[in-house]
Amino acid sequence: MRPTTRRAFLGTGAFAALALAGCGGGSSDTASSERPTRIVSVYPTTVDALYDFGADPIGVYDVGVENVSPRYRGTWQKAAKIGEGGELDLAKIAALGPDLIVAADYEWNTNYRARLGKIARTVVVPWSDWR
């Protein structure tokens, strides 16, 4: 049996986030019957996981292109950069008009959770207790 990696765990969480958001679940009270198309990812690993599942985020956290998987660099470079250095640009995120924000429960993401939830449905996938 292969050990579970953080990326696999987050990938499962990101997939669940897309599924929940598409069927009216998630952390928002707003139900939706459509799969989200305007996704913002505010944590580096959730970006890769979303790409792995075929999502194309319109906004991504800037970890520097050298830290992005080579197979996703072109797509990543086209997405708006919504933060770096542990900070998020909430005005830029809101201006993108997302219908879903995907975050991880990593400390600096959770500090923004309530504010992100006012912009769009926000799903926080587990990170701190991934095993």
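**Local contacts around Thr122, Ala104 and the Asp52–Arg71 pair**

Thr122 is located in strand β7, which spans residues 122–125, in what is a predicted model. With a relative accessible area of 4%, Thr122 is classed as buried, and its side chain takes part in contacts with backbone oxygens. One of these is made to the backbone oxygen of Ala120, at 3.0 Å, while the side chain of Thr122 also reaches the backbone oxygen of Leu116, at a separation of 3.3 Å.

A buried position is likewise found in strand β6, comprising residues 100–104, where Ala104 is placed; the relative accessibility of Ala104 is 0%, and this residue therefore counts as buried. Although Ala104 and Pro44 are 60 residues apart along the chain, their C-alpha atoms are separated by 9.1 Å.

Charged side chains were considered next. Side chains of opposite charge can pair when their charged atoms come close. Under the criterion applied, the count comes to 1 salt bridge, and a salt bridge is formed between Asp52 and Arg71, whose closest N and O atoms lie 3.5 Å apart. Because Asp52 belongs to helix α2 (residues 44–52) whereas Arg71 lies in the loop between β2 (59–60) and α3 (73–78), the pair ties together parts that are 19 residues apart in sequence. As to solvent accessibility, Asp52 is partly exposed, its relative accessible area being 35%, whereas Arg71, at 59% relative accessibility, counts as exposed.

How values were computed:
Residues numbered from 1 in each chain as written. Predicted model: local features only at pLDDT ≥ 70, side-chain atom pairs only at ≥ 80, totals over all residues. Heavy atoms only, no water. Helix = DSSP H or I, 4+ residues; strand = E, 2+ residues; numbered from the N terminus. Buried < 20%, exposed > 50% of the residue type's maximum accessible area, 1.4 Å probe, protein only. Salt bridge = Lys/Arg side-chain N within 4 Å of Asp/Glu carboxyl O. Polar contact = N/O pair within 3.5 Å; in protein donor to acceptor, adjacent residues only side chain to side chain.
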